[in-house]
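Q: I would like a close look at one part of this model, followed by a connected account of the charged pairs and strands elsewhere in the chain. Please keep the description to what the coordinates support.

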Amino acid sequence: MSGRSHDQVSDPTPPSDPSKPSIPISYPIQTLEDLDSRTYFTSFHYPFNKSSVPLRPNSGLAQRPRILVCHDMQGGYVDDKWVQGGDNSGAYAIWHWYLIDAFVYFSHYLVTLPPPCWTNTAHRHGVKVLGTFSTEGDEGTTVCNKLLSTKESAHKYAERLAELAVALGFDGWLLNMEVNLDISQIPNLKEFVSHLTQTMHSSVPGSLVIWYDSITIDGTISYQNQLNEQNKPFFDICDGIFANYWWEEDYPKLSAKVAGERKFDVYMGIDVFGRGTYGGGQWNTNIALDAIKKGDVSAAIYAPGWVYETKQPPDFQTAQNRWWGLVEKSWGIDQNYPKSLPFYSNFDQGHGNHISVDGTQVLSTQWNNISLQTFQPFLEYDDDSASKTIEVHVDFKEASYSGGGNLTFRGTLEAKATFSTRLFLGQLLMGSLPLHFIYSVSYLDLVLYIVTEHLQNRILYESENVTIDNSVWQPLLQVKSEGNSRVGLYLEFSSEMEGKKKLFLASQGTNRFLSELVEVIVPHQLTTPDNAPGWIIQEVSVAMHGYTLTEIHAVCYNEQPGNTNAAEYFAMLGHIKISTSDKNTEFPPSTSWIVDGQDVEWGGSQGSKTLSLKISWKLKDGKSPPYPRYNIYVEKLTKQSIRIPGRKAEGVREYTGVAHIETFYVSQLAIPSGTSSLKFIIQVCDVDGGSQKLDDAPFFQLNV
């Protein structure tokens, strides 16, 4: 793309022999010969790079101004190249998917294949994902000379690209061809664009092929910065044009006039780094967005990783939320959810410092894996946050009920006051079956934090021979039982016949300060697992046949306002699940699965041992499992544990990682001396957040 280049901070090239087992990675195809020979499909890494989350049915582009986001950061394939996840909790991620219609994974290689983590989470949020075909410089000229040598050649390479998109599960291509061509090559270039578009449409309904505004109809690179007669012949044979960034204020309106009924297929470029962009990009990106929306066309936001790359203060989370808040203020919301059931969110952004499963922490180290993002809340961010009594944010430090994050509410609240914040804006049509809302809340961690802080002080004092009387601790320990912070869910429904209806899911008596609500429903408290201390699980059934669920808000309040003074407020929301069944998922027992270990490789020296292997599993009946995730654990069994008569052989279960396909690669697992066998457990997880009991899960056992 014009005016922009990146330092290569990562090496996305495949291993010297990609057919040999190694840690699964994503990488581009760099030569036309590799594209033609289809060697990618014989790579060990290929099956790991298949996305596992399909787009929702009928996910066509809306007939309105849209936002396309083009992710070009540090050469591509950085932390996101690790298919099974990395160890950087500060890795870049996008979580404002409700503001996006399409996402392009971009790099300056010939064929940029989106890492599956981006496709998985984008699809989960209803966003299409495109790879990039790019020809630049002298090498790009050589590629184009071969690509466009004949009509048959143009068709062949178009079919190779379509095949990759189908096999890996993404939704199309951005064509970034920035080389000067001979005018005699233009007919075959048009054949390439047209055939790719038609092949993609027939293979992947709803797919997109977008043309970048570079080559004009006479074969020269000449950025038009708008749709006009110089580039319209390419626009006419694909699904849209990404106009270069150097446009002027009236160019969106002029482009709309040229496009006619297809005006929303014109994506006016905005370089967030600001190089020649209308409005200057960066924190003024909304100026360009306002002008584009006024012109009634679509927008293409290029390199939003600017916030991350330039280390905008005070920190990435805050700056990212503020920047996307400007996008929302200018543009509005593009995606709505929940739209279908089951619906599940644990507020995970795909990175963190720990991982929990059903209230139990199973990992306590840094990690990143964008595939683990669940539906993200539509939190509102603005510069007036100082006026808010309660701060709301996705938290990665406090305990989580599921995944690596939770929604934390912290601040002060007047005794009779409430604080409300939106969570989701949906379009969920209610059927005849009642909906079951299950959510987890916690109010105890503030107390634990206070006690921990004082405990550290006590240790410090006593290490200096200063004794603290136990009576100092008594008021702290009583805070736990006197805490009145509570959080409930506010639901809004609409019906053409009945109008709007509002429900509040919370404790008894809350209608005293929410008098406008039609109904308050008191949740039923479910039994919390013994291994999930501090979490309360609430359930409510709601029957609203014919209504559409449009809004879900969280409401903070004090349960027993005893005085008029403002009180410290702290609460956490761990997860929300909406389904039509109050029954837990019945997972196939371990006997229903075939589990196999392949590519076993032992390593180590001087008494230490390591193991690498690929574990695969499938149902015996041959049905394709509908499960989105599998947690992988290992038990390291010793001879002593096996010899104990009358007891089940059991070692410590260690969380090893997560798989989104029915395959997982274990790399250089350290094996303690005395270990006699290894038991790899595959915990099946459902789309609604449920997970199979480990004792019932399929496993693979290997003697050491």
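Which backbone oxygen does the side chain of Ser43 reach, and at what distance?

A: In this predicted model, the side chain of Ser43 reaches the backbone oxygen of Pro18, with a distance of 3.4 Å. A polar atom of the same Ser43 side chain also lies 2.9 Å from the backbone nitrogen of His45. Ser43 itself sits in the loop between helix H1 (32-37) and strand S1 (67-71). Its relative accessible area is 6%, and Ser43 therefore counts as buried, the cut-off being under 20%. When residues up to four places away in sequence are left aside, Ser43 touches Pro18, Ser19 and Tyr27. Pro18 thus appears both as a residue touched by Ser43 and as the owner of the backbone oxygen that the serine side chain reaches.

Another side chain that reaches a backbone atom belongs to Asp315, in the loop between helix H9 (306-309) and H10. The Asp315 side chain reaches the backbone nitrogen of Gln317 at 3.2 Å. Asp315 has a relative accessible area of 34% and is classed as partly exposed, whereas Ser43 is buried.

The charged pairs come next. Side chains of opposite charge can pair when their charged atoms come close. The structure holds 19 salt bridges, and one of them forms between Asp36 and Lys156, where the closest N and O atoms are 3.2 Å apart. This pair links distant parts of the chain, since Asp36 belongs to helix H1 and Lys156 to helix H4 (residues 151-168), 120 residues apart. Both partners are partly exposed: Asp36 has a relative accessibility of 23%, and Lys156 has one of 28%.

The loop between H1 and S1 that holds Ser43 also holds Arg64, whose partner Asp334 lies in the loop between helix H10 (316-331) and strand S10 (343-345), 270 residues apart. The side chains of Arg64 and Asp334 meet in a salt bridge with an N to O distance of 3.7 Å. Here the two ends fall into separate classes of accessibility: Asp334 is buried at 7%, while Arg64 is partly exposed at 23%.

A further salt bridge joins the side chains of Arg653 and Asp695 at 2.6 Å, N to O. It too links distant parts of the chain, with Arg653 in strand S29 (residues 653-659) and Asp695 in the loop between strand S31 (675-685) and strand S32 (699-703), 42 residues apart. Arg653 is partly exposed, with a relative accessible area of 27%. Salt bridges with shared partners also join Asp36, Lys156 and Arg160 into one network.

The last part concerns strand S24. This strand spans residues 548-558 and is mostly covered, 10 of its 11 residues being buried. Strand S17 (residues 418-429) pairs with S24 in the antiparallel sense over nine bridges. Within that pairing, Thr418 has Tyr557 of S24 as its bridge partner. Strand S19 (residues 485-495) also runs antiparallel to S24, and 10 bridges join the two. Gly488 stands opposite Val555 in S24. S24 is therefore a strand with pairings to both S17 and S19.

Technical notes: Residues numbered from 1 in each chain as written. Predicted model: local features only at pLDDT ≥ 70, side-chain atom pairs only at ≥ 80, totals over all residues. Heavy atoms only, no water. Helix = DSSP H or I, 4+ residues; strand = E, 2+ residues; numbered from the N terminus. Buried < 20%, exposed > 50% of the residue type's maximum accessible area, 1.4 Å probe, protein only. Polar contact = N/O pair within 3.5 Å; in protein donor to acceptor, adjacent residues only side chain to side chain. Contact = heavy atoms within 4.5 Å. Salt bridge = Lys/Arg side-chain N within 4 Å of Asp/Glu carboxyl O.
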